[in-house]
Amino acid sequence: MLVADVAAASAEVGATSSRLAKIARLSDLLSSADVDEVAIVVSWLSGELPQRQIGVGWASLRSLPPPAEVPSLTVMGVDRSFTEIGATAGKGSQARRAELLGEVFGAATEPEQTFLRRLLGGELRQGALIGVMADAVARAAQVPAPDVRRAAMLAGDLPGVAAAVLARGADALSDYRLVVGRPVGPMLAQTATDVTDALTRLGGRAVFEAKLDGARVQIHRRGDDVSIYTRSLDDVTARLPEVVEATLALPVRDLIADGEAIALRPDGRPHRFQVTASRFGRSADIAAARSAQPLSVFFFDVLHLDGVDLLDEPGEVRATALANVVPPENRVDRLVTDDPSAAQEFLDRTLAAGHEGLMAKSLTAPYEAGRRGAGWLKIKPVHTLDLVVLAVEWGSGRRTGKLSNIHLGARDPDTGGFVMLGKTFKGMTDEMLDWQTTRFTELADGPTDGWVVRVRPEQVVEIALDGVQGSTRYPGGMALRFARVLRYRDDKRPDEADTIDTVRSFYDKD
């Protein structure tokens, strides 16, 4: 299969809002793929590389060779090139990676270059989300979609499931079951506006749990063997000895549990997320890292316990099973209530303790692994900033021809300039895209035919964010977390935008 076929499908899927049309187009593509191409195509169209990381980011993609006139790149050939790029290390590796990357892009047509650049830059957004892709796989293999989704959640590997079911049919799905030591896709949460909204959506009574700003971990134990996986299912066992020890201290033989690893201050308040995240990086001296900043672990759900699968049990049953084997000091704080006032007081106490907010969970819902289930709702305060647009990028997929991703800056009162803090395209409606394409074309401060269009810093935009984290990528040493557009502020001048000091106050806040 040619990369051009995948790029064309990606563009078509991104250009339609119809879920059924997306599924049909993806199914047609998968049906025409060879067996050994399926997993790669599914990964790519889900916005991921099979290799995960190959050491190529946006900086490597700024200068590309002219596009080829005729498609020639194959899926297998590009995948092999990506594997070689990722394996290149040592003296001269940067130049060699650039050479290999140049060979790939030099043979790519313009649509292929756009697709690959988005894929490698982590910004491929053509609407092929996991649920849509799972349904497309089911249609291509002519098997029930719920069976594919369940196999994918139990394997934590939709591309692998896709390859198996398209090669062997429905019989392949029986291979996938809950296995201690094999990570599964974690259950994710939808968003509630407040505790009252959460109670209404969960039937009037729910359990509220403290939402810690740590790193989610999935913990497996079989006898004395413990494995720990991140939310993205990376094995980080060797980096988290405290979590291993806490798990081995439990009175269990076999276990699969959900938890949160977090760095706490001596007073019990959480460190910034980046302090916790630093423990998950590759380190040659785990003992020194642990000594400098130990981690605590808090369990909040259990999927398997001593030979019994609990995946399909109600939340209340799983909570009881967890409480029977995990001591209170290693469980997240929780409150079961039908009283909005009690829930709000619990939220206020949790926020005052320095945590992110609350999780509201159904007492009756099963664990919907790998899905953003309606049985879990997150409640977090929304912070907003008025920032200035410094540049904007041309979109792809259904946003082709529209100015989309905006670069955001805070005002620097000392210099009169602006300090970039990140970029986002989240929250933009079709009407907003049309408006800003016209607006930023008018504000362009230079050529508009490149990927990034610089604009005069005149447009203020209101941004919602989850917080601010340290960053070496931007000149202010900070970056916005989960920024999304709320509205454009034509009622504000750039000199009325929030300052870099205001942003720093978010970062410095305990």
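How many bridges join β3 and β5, and in which sense do they pair? In this predicted model, β3 and β5 run in the antiparallel sense and are linked over 8 bridges. One position to look at is Gln 218, which stands opposite Asp 258 in β5.

**The sheet**

Stepping back from that pair, the sheet is open and has 5 strands, in the order β4-β3-β5-β6-β7, with antiparallel pairing. The edges belong to β4 and β7 (308-309); each has a single partner strand, so one side of each is left without a neighbour in the sheet.

**The helix across it**

Now turn to helix α11, residues 241-248. This helix lies across β3, β4, β5 and β6, and its direction makes an angle of about 130° with β4. Is α11 mostly covered or mostly open? It is mostly covered, with 6 of its 8 residues buried. Those buried residues are Pro 241, Glu 242, Val 243, Val 244, Ala 246 and Thr 247, so the set counts as buried because each has under 20% relative accessible area. Their packing partners are the strands β3 (215-222), β4 (225-230), β5 (254-262) and β6 (296-305), together with helix α13 (286-292).

**A pair of helices**

Elsewhere in the chain, helix α4 (residues 75-87) packs with helix α5 (residues 93-106) at an angle of about 170°, and their axes are 10 Å apart. That angle makes α4 roughly antiparallel to α5, because angles over 145 degrees fall in that class. On the α4 side, the contact is made by Val 78, Ser 81, Glu 84 and Ile 85, while α5 brings Arg 96, Arg 97, Leu 100, Leu 101 and Val 104. By character, the residues of this contact divide into 5 nonpolar, 1 polar and 3 charged.

**Two loop residues with positive phi**

Two loop residues are worth a visit for their backbone. Arg 52 has a positive phi although it is not a glycine, and the description fits Leu 233 as well. Here they are side by side:

| Residue and phi | Place | Relative accessibility |
|---|---|---|
| Arg 52, about 70° | loop between α3 (35-45) and α4 | 37%, partly exposed |
| Leu 233, about 70° | loop between β4 and α11 | 19%, buried |

Which of the two classes, buried or partly exposed, applies to Leu 233? Leu 233 is buried, because its relative accessible area is 19% and the cut-off for buried is under 20%. Arg 52, at 37%, counts as partly exposed.

Key. Residues are numbered from 1 along each chain as its sequence is written. This is a predicted model: local features need pLDDT of at least 70, side-chain atom pairs count only at pLDDT 80 or more; totals for chains, interfaces and linings use all residues. Side-chain values use heavy atoms; hydrogens and water are left out. Buried means under 20% relative accessible area, exposed over 50%, partly exposed in between (1.4 Å probe, protein chains only). Helices (H or I, at least four residues) and strands (E, at least two) are DSSP runs, numbered from the N terminus. Contact means heavy atoms within 4.5 Å. Axes are lines fitted to C-alpha atoms, for helices over the stretch in contact, and angles run from 0 to 180 degrees between N-to-C directions. Angles under 35 degrees count as roughly parallel, over 145 as roughly antiparallel, 65 to 115 as roughly perpendicular and the rest as oblique. Ala, Val, Leu, Ile, Met, Phe, Trp, Tyr, Cys and Pro count as nonpolar, Asp, Glu, Lys and Arg as charged, and the others, Gly among them, as polar. Two strands pair if DSSP finds at least two bridges between them.
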